[in-house]
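Work through the following exercises with the sequence and the model side by side. Each task is followed by a solution in steps.

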Amino acid sequence: MSKQQTVPMIFNQVRDINWPTLNQFLTATALPIVGIVIFLGLWSLMAKNIDTSLGTFPGPGAVWQQTIVLVDEHNTQMEKASKFYDRQEQRNAARLAKDPSYASKIRDFTGAPTFFEQIWTSLYTVMVGFIVASLLAIPIGILCGLSKNAYTAINPLIQLFKPVSPLAWLPLVTMVVSAVYVSSDPMFSKSFITSAVTVALCCLWPTLINTAVGVSSIDKDLINVSKVLRLNGLSHVTKIVLPSSIPAIFTGLRLSLGIGWMVLIAAEMLAQNPGLGKFVWDEFQNGSSESLARIMVAVLTIGVIGFALDRIMLALQRTFSWDKSAVLR
Amino acid sequence: MTNLKLLSSLKRVVKSLRVGVISTVLSGSVIVTGVSAQELGWPEKEELKFGFIKLTDMAPLAVAYEKGYFEEEGLYVTLEAQANWKVLLDRVIDGQLDGAHMLAGQPLGATIGYGTKADIITAFSMDLNGNAITVSNDIWKEMKKHVPHEGGKPVHPISADSLKPVVDDFKSKGKPFKMGMVFPVSTHNYELRYWLAAGGIHPGFYAPHKGDTSGQINADALLSVTPPPQMPSTMEAGTIHGYCVGEPWNQQAVFKGIGVPVVTDYEIWKNNPEKVFGVSKGWAEKYPNTHVRVVKAMIRAAMWLDENNNANRPEAVKILAKSQYVGADYEVIANSMTGTFEYEKGDKRDVPDFNVFFRYNATYPFYSDAIWYLTQMRRWGQISEPKADSWYKDIAKQVYRPDIYAQAAKALIAEGKAKAVDFPEFATETGFKPAQIHFIDNIVYDGSQPNAYLEKFAIGLKNDSKI
């Protein structure tokens, strides 16, 4: 967190010096590039000198190579999938010819999920968990912000559960999900529900707290306006409370999504749920000479996706926020 | 995933348009599934999920999948690596998995209620041998002094006699000597215990009736559970001084330079039964045709693995090296799968039968194999009460199901995919192998007399002894 904040701070200090515009532009683009180049250089230097029992630590070159391998593997798997569907059609047809009562159907490809499918699973899971958490957290947050009594009642619970690590929740969630979620033809797999619930449990809190703070610190004048106009409860919330606390809510949502993404990877790793975390764990277990490079690909992917998610939330925040002058970073 | 979903829904559309045409075209031609269908019914359940642990002896599953043997039986199988043996067993019991690559002791242990109580059966034995005992470099350095050498190389098999001074030294210094095995009812646990006890090192008793399932009562060497893929890293971290595990995790230690395999289980007990394919009894009763078809596909895979004197092994290694199966490097897996075994770095020896998948009737579920595991459970106290010989036989017959195996084999013979000579004579086979002599301590095992067998061991519970 602190890194994310200090880096823009440095940028701002740099920007504050009154340089010509061209220079300003150059520094804005050149500095990140310089940073990345130095990082890559240091990385490859360090990597060469770290000897693990699985060979030397992968440098940028090895990681790039594995990225290509992963793309190739994905394509090969897709080809296999399409052949699988062809074979299945033929087999179904052959069986229908012998056994007309057979209710044939096309089953999904049975091969192992590729890296890119794992990414998709992770993204999908984190989004579901995040949306569920937000749908719970925002209303409760508004309630806490509006009513001092509600806040006092709920606050101890928030403080109690907020610092709990996802890994502590996980065994409980796993057992509860397998006990409660029983269906002969489930729409979602149990592992998906387990991960999503774990994510939701952990990204409730920042949204809840920020919403509560945002709602409770609405400008007195606005509340007076609402009183003068004699707005009913619902209109008060939709016309006054929500619009004025949008910036705070989004700050909470952004924090929540970031936490959710981190939690998900850990949860997948521990619970063997499909996704990027499982990919990392499987590679670690494999212990092949390429494993470390493949894990590094996953680490970078996780970082890039986390960054992208944050930018998307920032863009949303800019779009929805009424206060266009506020500095958002 | 989206790609796939889209593809499958597209295919569905295309298929509904084309089915009519294809079925008229194909109705005359021969498709493999059709042939057996006259005797053996269609599978009741077509979408199956099987679990496995990342070990080379899961090969029959991977081969049956990759070679299309499952599909030819009309089965759409998903193979999924599991975190550890406990998770795997629990998921078979609660139905998340239809079946799994299991330790031979797991169906037996579950049936007699050691650990989780559940009725698990097996109709297919997956392989013979395939394990080894590895010790860390430091231990090997000490041990080597006591190992007889010939021509500069250690003489194999190495018995635990040479480990005993090392363990005694640990004891005198008050340090615990720790070793890893993969599961309380695993073949590895019993093989490691057998080897240690044969060298006079007490591996410790279990006392489940007193709530003690640590297996370390009176132990000279403390054994504990570590999942197979984590063995090398756990030993590297110094938590354990050695371990007994399946491949490729012994060869991995050689490649990583962190330990030395000292003895293979082939040397402890020649052609010992290793993994089985286990399913829950309820599942087997609900889907009998499916079960037979699964066994058929796996017999074919096992035959392929041993065909022409292991000619297909390099291809099998390529399959296993894929990250979704075992995922270790080709060279590491090939080291043991292609008929050799590397002990100390550079000391590579021929062990053509290190992994046996089909020959010597490896896939047939012998009652005597089941009884051997039960005798070891009794020997180490996992079975706390003495049992009659008949009890051993009854449990073996409950769990091991050669009848289902015979159905599958006969179907394959009828289809011309296998020859009758490759199987035991089903009409006369009793399920008991003749007395077996090839143990490291030269003790003879006769499966029909389990209690008499237990009497022969110097270390271990027998008849009415109790802890």
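**Exercise 1.** In this predicted model, find the residue of β13(B) that stands opposite B:G180, then place the two strands in their sheet.

*Solution.* Step 1: the residue facing B:G180 is B:Y243 in β13(B).
Step 2: strand β9 of chain B covers residues 177-181 and strand β13 of chain B covers 242-246; they pair in the parallel sense over 2 bridges.
Step 3: both belong to an open sheet of 5 strands in chain B, ordered β12-β9-β13-β6-β14, with mixed pairing.
Step 4: the edge positions are held by β12 (221-225) and β14 (259-264) of chain B; each has a single partner strand, so one side of each has no neighbour in the sheet.
Step 5: from one strand to the next, the twist averages 25 degrees.

**Exercise 2.** Determine which strands of chain B are touched by helix α9 and which by helix α11.

*Solution.* Step 1: helix α9 of chain B, residues 187-198, packs on the sheet and touches β6 (131-136), β9, β12, β13 and β14 of chain B. Its direction makes about 65 degrees with that of β6(B).
Step 2: helix α11 of chain B, residues 249-256, lies across β6, β13 and β14 of chain B. Relative to β14(B), helix α11 runs at about 145 degrees.

**Exercise 3.** Give the strand order of the open sheet of chain B that contains β1 and β2, and describe how β1 and β2 are joined.

*Solution.* Step 1: the order is β2-β1-β3-β15-β4 in chain B, an open sheet of 5 strands with mixed pairing.
Step 2: β2 (76-81) and β4 (120-125) of chain B each have a single partner strand, so they stand at the edges with one side left without a neighbour in the sheet.
Step 3: on average, and ignoring direction, neighbouring strands here are turned by 30 degrees against each other.
Step 4: strand β1 of chain B (residues 47-52) runs parallel to β2(B), joined by 6 bridges. B:F52 stands opposite B:A81 in β2(B).
Step 5: helix α3 of chain B (residues 59-66) lies across β1, β2 and β3 (99-103) of chain B, at about 140 degrees to β2(B).

**Exercise 4.** Why does the largest nonpolar core lie between domain 1 and domain 2 of chain B?

*Solution.* Step 1: this core has 141 residues, and B:W195, B:V295 and B:M298 have the most contacts inside it.
Step 2: helix α14 of chain B (residues 288-310) gives the most to the core, 11 residues.
Step 3: domain 1 (47-128 + 273-422) and domain 2 (131-272) of chain B both give residues to the core, so it lies between them.
Step 4: beyond its neighbours within four places in sequence, B:V295 is in contact with B:A123, B:F124, B:I404, B:Y405 and B:A408.

Definitions and conventions: Residues numbered from 1 in each chain as written. Chains lettered and ligands numbered in written order. Predicted model: local features only at pLDDT ≥ 70, side-chain atom pairs only at ≥ 80, totals over all residues. Pairing = 2+ DSSP bridges. Helix = DSSP H or I, 4+ residues; strand = E, 2+ residues; numbered from the N terminus. Axes fitted to C-alpha atoms, helices over the stretch in contact; angles between N-to-C directions. Contact = placed C-beta atoms within 7 Å. Core = buried A, V, L, I, M, F, W, Y, C linked by C-beta atoms within 7 Å. Buried ≥ 20, exposed ≤ 12 C-beta atoms within 10 Å, placed from the backbone. Domains from an automatic or database assignment.
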